Amino acid sequence: MRRTALVAGAARGVGALAARRLAAAAWDVVAVDTDEDGLAATALRSPNTHVRTCDITDPANVADILGVTGAVHRLVIAPPPSAAAPEPVLDEVMRGAFLGPAGLVRTALPGMLERGAGEVIVIVPSGASPAAGAASAAARAYVEALAAEQRGRGVAFRFASPPAGMPDRLVLDAIDRSLARPGEVRVAPGGTPGPLRLALRRPRGARASAPPR
């Protein structure tokens, strides 16, 4: 059976690379973003990549997309980095990096739970501003809470918050490796300094990220 992936934020950056990698691995990929030209570039010469213009902060858009895809096997959400200067507006950053992704996860998750299998991957840039940091922390807490709530039901949750300048391929490589380790929720992308890896790694004894018993 062909596997279906929904990749949000697929017009550029790590989202575009995730969509291309999955398509090359013979997944059916639905790539969504608000940037039509970027989506076209992502899907170039990839017959199993299907593009849809979608604003994931709009619940109606999200419902329309899931109505087309049905239950997906992997959900990848990679919102773009927030503006570096001037200080981005908190409401806008939270909507793009937390509320939108959370709404998409909430809409896609029931289909995975019904099937008893699926993968939810949320990649939020760490950012340098307080607003970006708050959005990243909120998204991480949400993913961890879902992982704890749905433990043992067949859905894997992964969250990564790579620093600026981290190569996209390293982020995705680290996520792919983590999927072989049951129970891991937070991912420390390879190639980062030791202190950052420790900051992103699951703390010892953390209940939300513990493997199913």
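**Is R45 buried, partly exposed or exposed?** R45 is exposed, with a relative accessible area of 76%. The classes are buried (under 20% relative accessible area), exposed (over 50%) and partly exposed (in between), with a 1.4 Å probe and protein chains only. The structure is a predicted model, in which local features need pLDDT of at least 70, side-chain atom pairs count only at pLDDT 80 or more, and totals for chains, interfaces and linings use all residues. Residues are numbered from 1 along each chain as its sequence is written, and side-chain values use heavy atoms, with hydrogens and water left out.

**Figure 1. Overview of the protein chain: seven helices and seven strands.** Helices (H or I, at least four residues) and strands (E, at least two) are DSSP runs, numbered from the N terminus. Along the sequence the pattern reads β-α-β-α-β-α-β-α-β-α-β-α-β-α. Of the 213 residues, 47% count as buried. The accessible surface comes to about 10,400 Å², and 56% of it belongs to carbon and sulfur atoms. These areas come from the Shrake-Rupley method with a 1.4 Å probe; for residues, only the protein chains shown count as cover. Among contacts (heavy atoms within 4.5 Å) with a separation of 6 or more, 64% join residues 24 or more positions apart.

**Figure 2. Confidence along the chain: the average pLDDT is 87.** The pLDDT is the predictor's confidence in each residue, from 0 to 100. At least 70 is reached by 85% of the residues. Over residues 192–213 the pLDDT is below 50. In the model, this stretch has 37 contacts beyond near neighbours in sequence.

**Figure 3. The largest nonpolar core, with 37 residues.** A nonpolar core is a set of buried Ala, Val, Leu, Ile, Met, Phe, Trp, Tyr and Cys residues joined through side-chain atoms within 4.5 Å. The residues with the most contacts inside this core are L6, L75, I77, L104, V122 and F157. At least two core residues come from each of β1 (4–8), β2 (28–33), α3 (59–69), β4 (74–77), α4, β5 (118–123), α5 and β6 (155–160). The largest share, eleven residues, is from α4. A second, separate core of 25 residues includes V7, W27, V171 and I175. In soluble globular proteins, nonpolar side chains tend to be buried together.

**Figure 4. Surroundings of F157, a residue of the largest core.** Leaving aside neighbours within four places in sequence, F157 is in contact with L109, V120, V143, L146, A147, Q150, E184 and V185.

**Figure 5. One aromatic pair in the model.** The ring centres of F98 and Y142 lie 6.2 Å apart, with planes at 75°, so the pair is edge-to-face. Rings of Phe, Tyr and Trp (its six-membered ring) pair if their centres lie within 6.5 Å; planes under 30 degrees apart count as stacked, over 60 as edge-to-face and the rest as tilted. F98 sits in helix α4 (residues 90–115) and Y142 in helix α5 (residues 130–149), so the pair ties together parts 44 residues apart in sequence. F98 is buried, at 18% relative accessible area. Y142 is partly exposed, at 23%.

**Figure 6. A108 in helix α4.** A108 is buried, with a relative accessible area of 3%. Not counting residues up to four places away in sequence, A108 touches L66 and L75. The C-alpha atoms of A108 and G118 are separated by 9.8 Å, and these residues are ten apart along the chain.

**Figure 7. R74, a buried arginine in strand β4.** The relative accessible area of R74 is 11%. Its side chain makes a polar contact with the side chain of E119 (2.5 Å). A polar contact is a pair of N or O atoms within 3.5 Å; within protein, one must be able to donate a hydrogen and the other to accept it, and residues adjacent in sequence count only if both atoms are side-chain atoms. Beyond four places in sequence, R74 touches residues including T4, L6, W27, M112, I121 and D176.

**Figure 8. A23 in helix α1 and the residues in contact.** A23 is buried, at 10% relative accessible area. Its contacts, leaving aside neighbours within four places in sequence, are V29, S46, N48 and T49. The C-alpha atoms of A23 and N48, 25 residues apart along the chain, are separated by 6.2 Å.

**Figure 9. Positive phi at A26 and R45.** Neither A26 nor R45 is a glycine. A26 has a phi of about 75° and lies in the loop between α1 (13–24) and β2. A26 is partly exposed, at 42% relative accessible area. R45 has a phi of about 60° and lies in the loop between α2 (36–42) and β3 (49–53).
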